[in-house]
Amino acid sequence: MHSVSNPFQACNDIFFRPNGVFKAVGEKNNWSWFPFIIVMMMTLASQYLYVNFVDIEWFANINIAAQDAMSPAEEDQMRAFFTRNTLMLSQLIGAFFALTVVNAIFAVYLNLTTRSDDSHVFGFTDWYGFTWWVSMPYVVTGLIAAALIMFAGDHQISPAILAPLSLSYILGIEMTSPWFAFAQAIRVELFWTIYLTMVGITQWTSYSTKKAAIIASAPYAVIYGIWGVFALI
């Protein structure tokens with residue numbers, strides 16, 4: 001196994017040789033601030049680029065069309081919300097808190113599911129740092145999204161562009177479709193994250209690869225399974 005000597009190398013090697021990264025992260029303190037900053041900055045930057053670029057009037061109309069039947073007054077109220085400044089603020093704040101809360105919940109799950117391991121030495125804060133390392137694939141797709149936005153010729157672009165490796169973007173599913181949000185969530189980086197989680201669990205515990213794979217994929221299988229059923233209904 002190759003050695004990782006510093007967090008900058010770790011941020012690069014997580015994409016190519018994650019075993020050594022998780023081994024080093026398990027032995028070092030404060031390295032997880034680096035992926036936290038990178039992931040957060042890339043997420044917020046792509047949101048900023050999108051909101052600053054998109055045709056706001058078109059965006060408001062397409063969001064209203066995606067809702068259930070609304071009265072004219074309700075439509076006017078919703079349309080009034082979609083100013084560029086308001087949307088920018090809500091998107092940036094929403095993205096920040098969504099990432100921190102979701103990763104915290106995932107860290108709780110990982111901490112609980114690994115407590116039965118005989119070599120259990122990692123607590124919640126360790127696993128919370130771990131979640132930012134397995135989130136690094138989202139940086140790659142964030143860069144792709146940023147490039148697509150900057151080179152887009154039409155300002156009427158779907159938010160699916162923020163997830164360019166998702167089913168919604170690849171298949172061109174419209175926002176008005178009941179499957180849009182579900183397809184937006186099914187993306188290449190999701191499976192990459194599951195893989196990295198499996199690798200990390202095998203490095204931090206004595207669990208087998210099979211058990212690590214089950215732990216890594218179980219929450220997604222449950223959430224997306226339930227989500228898919230409700231979408232069908």
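**Group meeting: a walk through an all-helix model**

Okay, from the N terminus on, the elements of this protein run α-α-α-α-α-α-α-α-α-α-α-α. Before anything else, a reminder that this is a predicted model. The count is 12 helices and 0 strands. Along the principal axes, the C-alpha atoms fill a box of roughly 60 × 40 × 30 Å. The protein has 233 residues, and buried ones make up 43% of them. If you take the contacts with a separation of 6 or more, 64% of them come from residues 24 or more positions apart.

Let's start with the aromatics. How many aromatic pairs does the count come to? The count comes to 24. Take Phe8 and Phe34: the ring centres are 5.1 Å apart and the planes sit at 75 degrees, so this pair is edge-to-face. If you want the reasoning, planes over 60 degrees apart count as edge-to-face. What I like here is that the pair links distant parts of the chain, with Phe8 in helix H1, residues 7–13, and Phe34 in helix H3, residues 33–53, which puts them 26 residues apart. And are these two buried or exposed? Phe8 is exposed, at a relative accessible area of 60%, while Phe34 is partly exposed, at 29%.

Now set that beside Phe122 and Trp127. They form an aromatic pair too, edge-to-face, with 6.3 Å centre to centre and 75 degrees between the planes. Here Phe122 has 12% relative accessibility and counts as buried, and Trp127 counts as buried at 1%. Buried means under 20% relative accessible area, so both values qualify.

Keep those two residues in mind, as they come back with the cavity. There is 1 cavity of 30 Å³ or more, and the largest cavity holds about 30 Å³ of space. Which residues line it? Phe122 and Trp127 are among them, along with Thr114, Asp117, Ser119, His120, Val121, Trp204 and Thr205.

Trp127 also takes us to H7, which is helix 124–134. The buried residues of H7 are Trp127, Gly129, Phe130, Thr131, Trp132, Trp133 and Val134. What covers those buried residues? The cover includes H1, H2, H3, H6, H8 and H11.

Next, the pocket. The largest pocket has a volume of about 1,300 Å³. It is lined by 43 residues, and the closest to its centre are Ala98, Leu99, Val102, Tyr138 and Arg187. Several helices give two or more residues to that lining, including H3, helix H4 (56–65), helix H8 (137–150) and helix H11 (188–204). Which element gives the most? That would be H6, with 11 residues.

Back to the aromatics for a moment, because there is a cluster as well as pairs. Phe106, Tyr109, Trp179, Phe182, Tyr220, Tyr224 and Trp227 form one aromatic cluster. Let me zoom in on Phe182, which is in helix H10. Phe182 counts as buried, at 16% relative accessibility. Leaving out residues up to four places away in sequence, Phe182 touches Tyr224, Trp227 and Gly228. There is also a nice C-alpha to C-alpha distance here: Phe182 and Ala231 are 49 residues apart in sequence and 7.9 Å apart in space. And one more ring to look at: Lys211 lies over the face of Tyr207, at 4.1 Å from the ring centre.

Two single residues to finish. The first stop is Gln47, in helix H3. Gln47 is buried, with a relative accessible area of 14%. So what does the side chain of Gln47 make a polar contact with? With the side chain of Gln91, at 2.9 Å. Not counting neighbours within four places in sequence, Gln47 is in contact with Gln91, Leu92, Ala95 and Leu162.

The other stop is Asn30, in the loop between helix H2 (18–25) and H3. The phi angle of Asn30 is near 70 degrees, a positive value in a residue other than glycine. And is Asn30 buried or exposed? Exposed, with a relative accessible area of 57%.

That's the tour, thanks.

Technical notes. Residues numbered from 1 in each chain as written. Predicted model: local features only at pLDDT ≥ 70, side-chain atom pairs only at ≥ 80, totals over all residues. Heavy atoms only, no water. Phe/Tyr/Trp six-rings, centres within 6.5 Å; stacked < 30°, edge-to-face > 60°. Helix = DSSP H or I, 4+ residues; strand = E, 2+ residues; numbered from the N terminus. Buried < 20%, exposed > 50% of the residue type's maximum accessible area, 1.4 Å probe, protein only. Lys NZ or Arg CZ within 6 Å of the ring centre and 35° of its normal. Polar contact = N/O pair within 3.5 Å; in protein donor to acceptor, adjacent residues only side chain to side chain. Contact = heavy atoms within 4.5 Å. 1 Å grid on protein atoms, 1.4 Å probe; cavity = no way out; pocket = protein on both sides within 12 Å on 5 of 7 lines; lining within 4 Å. Points joined across faces, edges and corners; volume = space filled by probe spheres on them.
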